[in-house]
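Work through the following exercises with the sequence and the model side by side. Each one sets a task and then solves it step by step.

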Amino acid sequence: MSDINADAWVSSGHRPMGFPEFVVVIASIMALNPLAMDMMLPALPNIRSAFQIADANRPQMVLSIFLVGFGVGQFVMGPLSDRFGRRPVLLGGMTVYTIAGLLAIMAPSFETLLLARALQGLGTAATRVIATSIVRDCYAGRRMASVMSLAMMVFIAVPVIAPSFGQAVMLLTHWRGIFVLLMIYGVIALAWSAMRMPETLPRELRKSLAIPEVLSAFRQTVTNRQTLGYALAAGGVQGSLFAFVFSSQQIFTEIFKLGHYFPVAFAACAVGVAIAGFLNSRIVGRIGMRVISHAALTGFAVVAGALFIAVKTDTLSLPLFMVLSGLMMFAFGLMMANFTALAMEPQGKIAGTASSLYGTITTLLGIGVGTTIGQDYDGTLLPFATGFFLCTLAALAVVLVTEKGRMFRPHHHPI
């Protein structure tokens, strides 16, 4: 653990960067992932036309295969960073991301594009795992949750504007122009990190890559009730979000007939996440991670139930869908930073490995659920509403089991 400045509780572990620059750099490297994900949403119909894809749901693979690379990549990035340090793994991942962007720009077939997307996901796995690990290297407990919330506020604000960026790029040029923009951003983030981000894991705290030690770290992670419980709950919640993202272009353009206004509607829904991230950073220190995230999960369940009833009774209008989607995003924003902090809190000595395994569990579980729901899209909202409701009930049940039925307890110490 780095020394904490008693006056401002700011870690000395990320010098020469001050606190504001540290948060911005963490957020900017984390933003590589949602930018690469959500800027593609308006391009899916164009990609379908360009490669003459018959199945209307198949272009969703541009999103899901990216997340598969992201989920699988997290499994190895943590142990590598615990062994070799944060910087080399971070910079290596961002280099892979940049090269993958070049491959996507030149992709002659849909299959090549999917390969590039998988590699992009692999690259962003490093940025997400290392960002979380760096924060954990420097901060703990509510301080960590507060820092993560500030970073997540910027990170999660990206999906609000990313589809509009994607739409704007396509108004000016071909859909491949999106990959040009993503590559340029990757190069800038890589250069900034290379020049300013210090190594936050001292050599004496690095772990061996010997298989018994790696397996021991994995076992320590998955056998911790708090870590595994919140990883599974986050995976279920994330499955709902992925299902929404995968289906959103079709929902807004086919069911609600919004056409090119789809990015505006998506942004209006997603703004709730950014608001939640800012709010959480201000109140988590006073109220605590458990109380906030449990209240948000309860609200998430109420929203899911309301959406399911509205769809089943055929009373779902666009305004009601927008309100419920916004509330869903708001609750999601309050949950995820706190779920991550709660899961990581007992794992300080193996932060990299724990972060990677946590990310792999949540992402792959979320992809599996989200892809299943997204591929079931049939021109109606029933598959999404049903999946959203079931995912939420499952996540609620997992948190109840993790906390032994005692939810909303103020946070004092890890289980």
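A salt bridge is counted here when a side-chain nitrogen of Lys or Arg lies within 4 Å of a carboxyl oxygen of Asp or Glu. The model is a predicted one, in which local features need pLDDT of at least 70 and side-chain atom pairs count only at pLDDT 80 or more, while totals for chains, interfaces and linings use all residues. Residues are numbered from 1 along each chain as its sequence is written, and side-chain values use heavy atoms, with hydrogens and water left out.

**Exercise 1.** Work out which residues are linked with Arg 86 in a network of salt bridges, and state whether each is buried or exposed.

*Solution.* Begin with Asp 82, which forms a salt bridge with Arg 86 whose closest N and O atoms are 2.8 Å apart. Next, take Asp 137, whose side chain also meets that of Arg 86 in a salt bridge, at 2.8 Å from N to O. This second pair links distant parts of the chain, since Asp 137 belongs to helix H6 and Arg 86 to helix H5, 51 residues apart. Helices are DSSP runs of H or I with at least four residues, numbered from the N terminus. Asp 82, Arg 86 and Asp 137 are therefore linked in a network of salt bridges. For the last step, buried means under 20% relative accessible area, exposed means over 50%, and partly exposed is in between, with a 1.4 Å probe and protein chains only. Arg 86 is buried at 1%, Asp 82 is buried at 3%, and Asp 137 is buried at 10%.

**Exercise 2.** Find which parts of the chain are tied together by the salt bridge of Arg 58 and Glu 111.

*Solution.* A search of the whole structure gives 6 salt bridges, and one of them joins the side chains of Arg 58 and Glu 111 at 3.5 Å from N to O. Arg 58 sits in the loop between helix H3 (44-50) and helix H4 (61-84), whereas Glu 111 is in helix H6 (residues 110-138), so the pair ties together parts 53 residues apart in sequence. Arg 58 is partly exposed at 29% relative accessibility, and Glu 111 is partly exposed at 48%.

**Exercise 3.** Describe how helix H5 and helix H8 pack, giving the angle and how far apart their axes are.

*Solution.* Helix H5 covers residues 86-106 and helix H8 residues 176-196, and they pack at an angle of about 160 degrees with their axes 9 Å apart. That angle makes H5 roughly antiparallel to H8, a label given to angles over 145 degrees. Counting contact as heavy atoms within 4.5 Å, the residues of H5 that meet H8 include Leu 90, Met 94 and Ile 105, and those on the H8 side include Phe 179, Met 183 and Leu 190. By class, this contact of H5 with H8 has 16 nonpolar, 5 polar and 2 charged residues.

**Exercise 4.** Locate Lys 257, and say what is notable about its phi.

*Solution.* Most residues other than glycine have a negative phi. Lys 257, although not a glycine, has a positive phi of about 55 degrees. Lys 257 is placed in the loop between helix H10 (225-255) and helix H11 (262-287), and it is exposed, with a relative accessible area of 64%.

Methods: Axes fitted to C-alpha atoms, helices over the stretch in contact; angles between N-to-C directions. Helix = DSSP H or I, 4+ residues; strand = E, 2+ residues; numbered from the N terminus. Parallel < 35°, antiparallel > 145°, perpendicular 65-115°, else oblique. Nonpolar A, V, L, I, M, F, W, Y, C, P; charged D, E, K, R; others polar.
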